[in-house]
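Me: Could you take a close look at one part of this structure for me? I would like to see how the domains of the first chain are laid out and what sits around them.

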Amino acid sequence: MKNTVSTNTVSINTVSTSTVSTDTITGTRREVRRDILGAPALRPDGADKVQGKFAFSSDIWAEHMLWGATLRSPHPYARIVSIDLSAAFDIDGVEAIITAVDVPGKKTYGLISSDQPVFASDFVRYVGEPVACVAADHPETCRRALAAINVIYEVLTPLTDPERALLPETPKIHPDGNMLRYQKIICGDQTIQGEIIVENTYELGMQDQAFLGLEAAMAFPDSGGAGVDLVIATQWIHEDQKQIAACLDLPVDKVRVTLGGVGGAFGAREDISLQVHCCLLALKTSRPIKMQYSREESFYGHVHRHPAKIWIRHHATNEGIIQRIESKMVFDGGAYASTSAAVLINGITHIQGPYKCESATVHGFAVRTNNPPCGAMRGFGVVQACFAHESQMDKLAVACGLSPVEIRLRNAMRTGDKLITGQVIESVAPVERCIRETDAIPMPVPLARDANPLELVGGSGLTSLPQNIVRGVGWGVSIKNLMYSEKFDDYATARCQLHDGIVNLKFATAEVGQGFVVLAPQIARSVLGVDEVILDPVDTRIGSAGSTSASRQTWMSGGAVDGACRLVREQLFEHVGKIHNIDPLRLVIEDTDIVDMIGDFRISVIDASTGAHFDQTFEHHHRPTEELDENGQGNCHVAFAFVAHRAVVDVDVELGLVKVIQIATAQDVGRVLNPIAAIGQVEGGIAQGLGLAVMEEIVLDNGKIRNPSFTDYLLPTTLDMPDVIAVLIEEPEPQAPLGAKGIGEPPCISVTPAIAAAIRNATGRDLPRVPIRPQDICL
Amino acid sequence: MTVAVPTSLSDALAAIAQNPAAQIIQGGTDLMVEINFNRRKPTDVIALRRVLELREWSIAKDGSTITIGAGLPYAQMEDDEIARLVPALAQAARTVGSPQIRAAGSIGGNLGTCSPAGDALPVLSALDAIVHLRSSTGARNISVHEFMVGVKRNARAPDEIIVSVTLPIVTGWQGYAKVGVRNAMVISIASCCLAVDRTNSAIRIALGAVGPTIIRCRATEAWLTSQLDLSSVNTVSTNLLKEFGDRVAQEAKPIDDHRSTAVYRRHAVSTLAKRLLTRANTP
């Protein structure tokens, strides 16, 4: 019985692994592979994580520490009439209780606009909004203290319908208004009417990032309250530092942030959650404060993926060539701004998909409601756009009498094509190749009439026999921007030191599971010919690395590490050249030696660097981007990556149950730096996209989350995961420092519409909304 | 909080007699979740995991019944001879949670919690199980139908421990099917057990997760008995199957909640019943 994820085929065109001979302890000579770029290097923390030995942020402990906990709003919208802390203060073991009045600096925070209160003081705008925090000697004392805080609310009628938020007569629920951002894209001929016109309205539910390592931090106050150290699981320690310092009214350098062990992020750790609270309690009590959320609290404590409603109309010729797109996209941002403005821009600028299109009329709205705040999640606005444009491509195919593959091939964009924003695609753009290579992957074997019922749809529920099951096939192809957009300079910094054949790397890059802890040493080994690479603690004692998001760290922090190592290599060659009287320009690294390209001089890097010390810091900046103008025109994105997915699903049409059988995919990765890590991203992203397609949804009822647990917020299990057959397409990206594109987000984007299309193929239903529920299929 | 860890049934009964307000824990797969969520704060707990008598199972000398200890983990109901004698119970056991949950969870816990979504309960209902209760002062055997009183409510007295259940070993096809939104490790949104008793020419159908407690479809059973000769395999006509499904759907009393809708649950449970009837009559 096959019930594990199996990746049958990994096609990698140019994996550069070099081998050297070495003496082992046993004295036998054998070939060992050096973990340089291209090698299937293993994560240094992998075995510890599997064995439960890895210290996550929630495992940190300190002498004399106190526990912190948060009181949250039970109402989606209410006015705070009064807060009475007296009964809570009377509880033994309670050391501090803080509310909005205890915030010494800025009362609000936010990644783009600072509109979210550290603590609600006048109004609460979503269920779960923090109102107060306590510090006490035990979590149970905290719980009792929270229960003893008496908040009187005047409950107001919440605004939970994003369409209603658009109406001018709807009362504003925040001083900044209900419109988080509006942007249009007007391009080309606004009057074209296609020979073929297809349109529909698509919807996506609210997905949660559902990382396994819950929010957790520990704050250590300086004596006298002059500053604070925070150890935290986060995605961008410098952004945390900046926002915390502003709220604490401390100089930035008095807030020192260190990365704790992170158990997944997927965008949910980009915003402030417990950072400010934890530091405030530490400064207030002069004791270390430990805070950690429960799973339920985590659902209230971080932003989610934006639910969206997208109306879209395609105009095309009879041959299926897209001429014009019209669309209205509404993203529900929830109560506070978070990154909604940037998510919206990603949504509208990717609505054409990886297809040529000359004319467009797009109106995008991100609105404020009393639903939980939404922000970054893997795919960042493009997931929503892709579900709409890929669903449309299938409609177009049917209208033109073409196959799903043919309609996509006819419209596939390539390098040099112009987007609807006017930006020219300069990235490598192997869209056609992604589609063709995916199409070439063999289909799974047909369902056997005598198949083991446990392996069929419904699994151990024994709901379905082969005669109840219909198989469907569906396609999805996507384009995803890499790095931050709209003029943002999200640079990355790295420092490299070399001494005695040992490299120390220092950077502030948050390792959230993506694998930079394995990639950075690979880069150093490749550039400098060393074997031993030590990673220094990730903290704010060096310049920013930017966020671990937007598929950007391999490109950005990878570029910074590469740059710093190259600077050190230059110094090393000069050093060797001077001592041995060789022009440093003639020196190159060969495995672990420095060799003269022309002569026969050779010295090991270890010998050459013994007694010396080289130290260089490098900042990598991507090329500048522009803001969009009033008509949505401008070079707003840095670069793009592409991927194709083909889904094969089995559907029990009568019961509406689904099992995904196979995902075939070909992804444009630029260059494979580590095949194990790359396949890990591909499989993980597919799991997340599968979840959105058929089961993952935060169910809301008038602003309240109905399923804040893993009992009822369903994530795919091993038995829900299909075989993944992946082809990694290597066409090195000239702009990228290592030739490699970011690979984190693309896997989860077009797999969702591919699965939806496969279910449509099996059932004949329209299914304009994900996740697709059983009742959507069979009722 | 005090935790008593008796190692024999008599010690356990003495402990509960002394403190009838104590919370009994067997595998803990329900209770520990409740405690984690702060929904329950028991002050005294009696843990039954070391009471090995509760983990036994036996077949009556005449071979007519099987008695299963309340603490026997689901994992042991999948593989053992139990699967041969009471296949529907083994199938239901296999649908419970993950391997870890099945290694801890038990029928006693299912009965104690008495959730309408309890996976083993439709099987107990369809087979007219007898629940054996013990206290320090005596023993009581009651029908599972009387035991299950309502949503998460049962007829256990505070000083009683659920000791075991007895199920008849019947000749005839039986099966269990369950719908969830995931292909494993999922709470039932509709389930059905159908058991044919050839010896008595009877058929029994019980539904899970579509009412406040397990629903036994007695009206449908009576009607079906008049339509089919249950002492042998029948050819079930399309019309009869449809009417059977409609009757089962009528007996269900599902609700809308965050897991599913009443309309879907009714449709699903009816579909499961029809499929089980078809399987029962597949030669």
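Reply: Happy to; here is a walk through the domains, their contact, a core residue and a sheet.

This is a predicted model, in which local features need pLDDT of at least 70, side-chain atom pairs count only at pLDDT 80 or more, and totals for chains, interfaces and linings use all residues. Residues are numbered from 1 along each chain as its sequence is written, while chains are lettered from A and ligands numbered from 1 in the order in which they are written.

Chain A is divided into domain 1 (58-156 + 215-292), domain 2 (308-485 + 627-778) and domain 3 (492-620); such bounds come from an automatic or database domain assignment. Between the C-alpha centres of domain 1 and domain 3 of chain A there are 39 Å. Their contact takes 16 residues from domain 1 of chain A and 14 residues from domain 3 of chain A, with two residues counted as in contact if their C-beta atoms, placed from the backbone, lie within 7 Å. On the domain 1 side, helix H5 (237-248) and strand E16 (255-259) of chain A each supply at least two residues. Here helices (H or I, at least four residues) and strands (E, at least two) are DSSP runs, numbered from the N terminus. By class, that side has 6 nonpolar, 7 polar and 3 charged residues; Ala, Val, Leu, Ile, Met, Phe, Trp, Tyr, Cys and Pro count as nonpolar, Asp, Glu, Lys and Arg as charged, and the others, Gly among them, as polar.

Now to a core residue. Leu230(A) touches Ala217(A), Ala219(A), Ile244(A), Val255(A), Val257(A), Gln275(A), Cys278(A) and Cys279(A), leaving aside residues up to four places away in sequence.

Turning to the sheet, its 6 strands form an open arrangement in the order E12-E20-E19-E18-E13-E34 (chain A), with mixed pairing; two strands pair if DSSP finds at least two bridges between them. At its edges are strand E12 (179-187) and strand E34 (769-770) of chain A, each of which pairs on one side only. Inside the order, strand E13 (residues 196-204) and strand E18 (residues 308-316) of chain A run antiparallel and are joined by 9 bridges. One bridge partner pair is Ile196(A) with Ala316(A) in E18(A).

For context, chain B has 12 helices and 14 strands. Along its principal axes, the C-alpha trace of chain B spans about 60 × 45 × 30 Å.
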